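Colleague: Could you walk me through a few parts of this model?

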Amino acid sequence: MSDLPLTGDAPVARRRELFVGKRFSRWLDRRIPPKDRITLSQKNVFIFPTATGFAFGGLVALLILGAINYQASLVYGVAFLLGSLFLVTILYTFRNLSGLTLELAGARPGFVGEDVEISIRVTRPEGRAREGIQLGWPEGILQWAELTGQVSDTVRLYVRAPSRGYFNPGRLLVETYFPLGLLRAWTWVDLDVNALVYPRPVFGDFPRSVSGHRDEGQLIDPLGSDDFSDIKSYRPGDPVRHIIWRSYARSDELMVKQYASYVEPRLWLTLDGVSGDLEEKVSRLTGLALKATRADREFGLDLGTVRISPARGEAHLEQVLKELALHGLR
Amino acid sequence: MASADATVRAPDAETAPAAAVGVAHQIPRNTLALLMVGQTAVILPYLQQLSIWIVAVGLFCGMWRTNIYLGRWDYPKRWVKAVLVAACIAGVALTGVGAFSLEAMASLLVSMFALKLIEMKNRRDAYVVIFLGYFAIAIQFLFEQQLLLALYQVGSFILVTAAMVSLNQLQVAARPLPSLKLAALLAAQAIPLTLVMFLLFPRMAPLWTVPLPGSSVTGLSDSVRPGDVANLTQSDELAFRVVVNGPMPPPSQRYWRGLVYSDFEDGGWKARERRRARDYPLPRSTDLEYEVLLEPTMQTWLYALEHSTSVHSNVYLTLDGRLESSDPIMSVFRYRAVRHDKPDSPAPISEQIRIRETTIDPEANPRLQALGRALIAEHGTPMAMTREILNRIRREPYAYTLSPPTYPGRDAFDGFWFEGRSGFCEHYASAYVYLMRSAGIPARLVGGYLGGEVNELSGHLMVRQYDAHAWAEFYDPELGWFRVDPTAAVAPQRVERGLSAALSSADLASLPLLSSARIGNWDLAGSVLRWMDSVEHRWNLWVVGYDSNVQYRLLGDLLGEVNAARIGIAILIGGGLGLGVVALVIFWGRRPVHRHPVERAFRGFSEALAAYGYVRRPEESPAAFVRRVADEVGLKEAQVGPLIAELDTLLYNPGVAWGGRELRALRSQLRRLQFRLAFGTTR
């Protein structure tokens, strides 16, 4: 597997222009319908000379012109050899893509504004090696698939995630210039990619939740004032209201009642607990979920429609992030 | 992860992060190595044509690039490039060739090629160098067309193609050898199609006039002074080959006329006549058909036997009865010619021509002039006078030698005829013509080749530069132009058996080694050279000399009729076949079925069992299938246990090595089990 970020001659933006045409897109949908596994054949591979190919054609024409003017048989020979080379290359370039099977190997979720990792498995038939195959999305970077020594290669592609929810990056470009760079064979395949994109995290402070029940809770805030918790001797600074005057009358010793708040120890992430519009709220909750996991705190999610009981750990986090990502979109 | 925007920036944006941008547009080292080797290979054959300046610049650039490649030096500064460009232009100017000559073009091409080498940074530059390389390979063929050069250039072609292949391979994995192999394969697969196009692509007449290669070619010139032809004997270069349809004429009949030197000027002879013969008496009976494959002469005159005509579209007959080409001969030129019988009544010559053919310098060679006048007065007819002159040459102590004394001054012919009396063919022919003209008889010097050597391997005649010869013709109203070879009088062996027979041992020793071998002094070397010549001849016959005339004849034979539709169809069919063969090679066996040998052995067994009703289920491994069958039939564990274990081991245990012996043992076990099942069950 190579991670060389290699692009061909044309900048990706130009390819996108070609790609975006609505009509072309509709035509493509009919011609190469979305599938999670596509084997390339003459039905879905396009081939056309590159700029280099046209220059090569110009060279051949120039040589034929020279051969005519100089009546030189061997110059004709060179020109025809080059021309034949070009024609043979058509077969090679097409053969290089034809027969390849592309399938989605997996997609690792990412956050909005970051890159989502999508793995594509490229498999070639047994036999002849395939060389110089590049794939990628118009928005991302083209990667090379290594299919010389091995029959199958998994290529990791990174695409910038635009918004939360399930993200389909559109059609995947698979192209090759092999063997001479005179022709480009390419195809646009839709592998039905659905990569999960989490909301962009916004980090803030944990909300101080004050609700809760004694039997579930844990003492967190000893200076709270909800419930009686203990009696201890007075120290200057204790609230005068808390002095137990009856005990003072009996023992001449100042005792104070101690109250404590039973703060909900397991954090509940709710839409009401954060400010902003829906997207901002979701972003804030995402940030809190990340922060809580980092601090190894238990937390639960309550979005009204969905409720996930408090827990901790990566698996839990993923579940919470997924719900946040999809909230309001289904 | 670098941002996507950074990676799509233009290749020359220097601020772009190197790691993200550079790799895509850099030239892989593999490509660089192949390009440097390929470029050297392409430039080498040019060493003959180029000035030492260009070669020096090329070498310097190669050294610089090698150092860049090794990481020692940086790319050259702008002023260094400027100096190099100036050196190249000076180099082209100093060669002394015209600004628009072919040599100048070739020099500039090679200079560009070399200079681009040190400038080459990105992939587009690499493509420019590759295209220049192809161009340089083709241009070299304007100078030379030998088979050996062509084979060499195939090698260069593969090297350059390999560089192009390597540009499109995965860079971290690519090595020169696989790139070369693939390039060679591509070239090999392109050859059938190339042949089809070569045969069928219509050959056209030149569209416009182009600068020609300089005339630094050995051969006859259109002006002759005594001594010139003798110099040609120092060269064993091929002048032309001839294929004769029918028996080969004897050596003494093989006078290949090339030039007719009618004008006497400043003590030498000039051939100027280029006009077409208007009313040449045609047609006459055909005596001999032959085809000439003329090596490049950069001149327009052609060589043919006397009284020959040609139907080649580019060849015409001149007023003085020679064949002439419309365009200079730049590569091997193939033309058919027919020798006719001598006309019964010769055409009279015009007064203008009579004057030209009798002109001498009245001041020069007074003794020869006097002798000529005396001889015609004594003998009356030109024929009788000729006989007397030849008799005198035979009788008196005249000598035939390659290295005669120099005869200086205006009266050089007098000096030869009356004093030195030793000379080469042009001395004798010149003196003879001078004598005849002094007598008022039209006579002229003829230059060409005499004899030639037959190559037994392919039956063609090879005529080399050392076969160059000069003889004479005089005009008689009864006979027409009549050939006289005074050399035959002094050295009859020259005419009968070739140059070597006529030369003294001192003259032979002065010849270059290869000429000496060719002339027949060394048998073994001579036979090798003849074999090579025979191969080269076929190359010229079918490849280099393949022009519109040959093509028309060949296509006429192949297609019956030559018209655009038939050629078009032939191109389509031939091209389709050529490409189809390649497609078959590429796509056939694209998915070879690699079945495990044990599976293959087992398949026969399970197919045989299917006939008895035991069908293997798709999900069953061979061992499971045997186990099930054995259970159903009620075989004992001892009867199938070892086989089942063996099957599992061979198929699924990669740690156990096995070979043909184990496989044979397994087959025999399977056969035994099959036998047992066939006779042990009623199903």
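Colleague: How far apart are the end C-alpha atoms of helix H23 of chain B, and what should its 24 residues span?
Modeller: This is a predicted model, in which local features need pLDDT of at least 70, side-chain atom pairs count only at pLDDT 80 or more, and totals for chains, interfaces and linings use all residues. Residues are numbered from 1 along each chain as its sequence is written, chains are lettered from A and ligands numbered from 1 in the order in which they are written, and side-chain values use heavy atoms, leaving out hydrogens and water. The end C-alpha atoms of H23(B), residues 564–587, are 33 Å apart, which agrees with the 34 Å expected at 1.5 Å a residue, the span being 1.5 Å times one less than the number of residues. Helices (H or I, at least four residues) and strands (E, at least two) are DSSP runs, numbered from the N terminus.

Colleague: And what do the buried residues of H23(B) pack against?
Modeller: They pack against helix H4 (73–97) of chain A, and against H9 (176–200) and H22 (548–559) of chain B, with contact meaning heavy atoms within 4.5 Å. Among these buried residues are Gly574(B), Gly575(B) and Gly578(B), where buried means under 20% relative accessible area, exposed over 50% and partly exposed in between (1.4 Å probe, protein chains only).

Colleague: Switching topic, is Trp531(B) buried or exposed?
Modeller: Trp531(B), which lies in helix H21 (residues 523–544) of chain B, is exposed, with a relative accessible area of 52%.

Colleague: Which strand does E3 of chain A join?
Modeller: Strand E3 (residues 101–108) runs antiparallel to E5 (residues 115–123) of chain A, joined by seven bridges, and Leu104(A) has Ile120(A) as its bridge partner.

Note on methods. Two strands pair if DSSP finds at least two bridges between them.
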